[in-house]
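Work through the exercises below with the sequence and the structure side by side, and try each task before reading its solution.

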Amino acid sequence: YIRKADVAKTPDEVIDLIEEMQLDFAARMKEIRKLDAVSLHVRRAVDYIYEHLHEALTLEKLAENANLNPSYFSKLFAKETGSTVKAYIINAKVSTAQNMLRYSDFSLSDIAFSLGFSSQSAFTYVFRKTTGVTPGSYRNIHSFRSFDLD
């Protein structure tokens, strides 16, 4: 939004941007409230995932961090988030990648390695499987530079 504000040319464009930001913020807060993670273990695990997206995260590592048996932790996590640990991690990484593709000039390989993927091809495979398009195509379609603010 800062980049969009930088290129806004009229007060009306800034007002429209503020409106868009407010709607986006409200939608994000609604999504956060959907996360019905009641237990401290799952809340800490979610925080840990987002703080360590650059690593190869595993169920075992998260369970160990929570001081729980991996099987029990897996069931608890799925019950409270509605997602398996692996799917949650993948979605967090892909969502972060989408943001990076939209608003940064980082190369695909830089994004892949910064999110803990072993290679750019592994990143591309997971991204395409999750979103239906390759990271390059996603960037071309959704990049901030592709928006016409005139």
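**Exercise 1. Find how many salt bridges the structure holds, and state which residues form them.**

Solution. In this predicted model, the structure holds two salt bridges. One joins Lys-4 and Glu-20, whose closest N and O atoms are 2.9 Å apart. Lys-4 belongs to helix α1 (residues 2-7) and Glu-20 to helix α2 (residues 11-34), so this pair ties together parts that are 16 residues apart in sequence. In the other, the side chains of Glu-55 and Lys-61 meet at 3.6 Å, N to O.

**Exercise 2. For each residue of these salt bridges, decide whether the residue is buried, partly exposed or exposed.**

Solution. The step needs two cut-offs: a residue is buried under 20% relative accessible area and exposed over 50%, with partly exposed in between. Lys-4, at 9% relative accessibility, therefore counts as buried, whereas its partner Glu-20, at 34%, counts as partly exposed. Turning to the other pair, Glu-55 has a relative accessible area of 23% and is therefore partly exposed, and Lys-61, at 31%, counts as partly exposed.

**Exercise 3. Examine Arg-139 and find which side chain of opposite charge is nearest, and how far away that side chain is.**

Solution. Begin with the location, which is helix α9 (residues 135-142). Arg-139 is buried yet has no salt bridge, and the nearest side chain of opposite charge, that of Asp-105, is 5.8 Å away. Since a salt bridge requires the nitrogen and the oxygen to be within 4 Å, Asp-105 at 5.8 Å does not qualify. Then look at the backbone: the oxygen of Leu-101 lies 3.2 Å from a polar atom of the Arg-139 side chain.

**Exercise 4. Describe the largest nonpolar core, and say which residues touch the most other members.**

Solution. This core has 30 residues, and Ile-49, Phe-73 and Phe-77 touch the most other members. The elements that give two or more residues to the core are α3 (40-51), α4 (59-65), α5 (70-81), α6 (85-103), α7 (108-114) and α8 (120-131). Among these, α6 gives the most, with eight residues. To follow one member further, leave aside the neighbours of Ile-49 within four places in sequence; Ile-49 is then in contact with Leu-57, Leu-62, Phe-77, Tyr-88, Ile-89 and Ala-92. In soluble globular proteins, nonpolar side chains tend to be buried together.

**Exercise 5. Decide whether Tyr-125 is buried or exposed.**

Solution. Tyr-125 is found in helix α8, and at 56% relative accessibility this residue counts as exposed. Tyr-125 and Pro-135 are 10 residues apart in sequence, and their C-alpha atoms are 9.3 Å apart in space.

Terms used:
Residues numbered from 1 in each chain as written. Predicted model: local features only at pLDDT ≥ 70, side-chain atom pairs only at ≥ 80, totals over all residues. Heavy atoms only, no water. Core = buried A, V, L, I, M, F, W, Y, C linked by side-chain atoms within 4.5 Å. Buried < 20%, exposed > 50% of the residue type's maximum accessible area, 1.4 Å probe, protein only. Helix = DSSP H or I, 4+ residues; strand = E, 2+ residues; numbered from the N terminus. Contact = heavy atoms within 4.5 Å. Lys, Arg positive; Asp, Glu negative; His and termini not counted. Polar contact = N/O pair within 3.5 Å; in protein donor to acceptor, adjacent residues only side chain to side chain.
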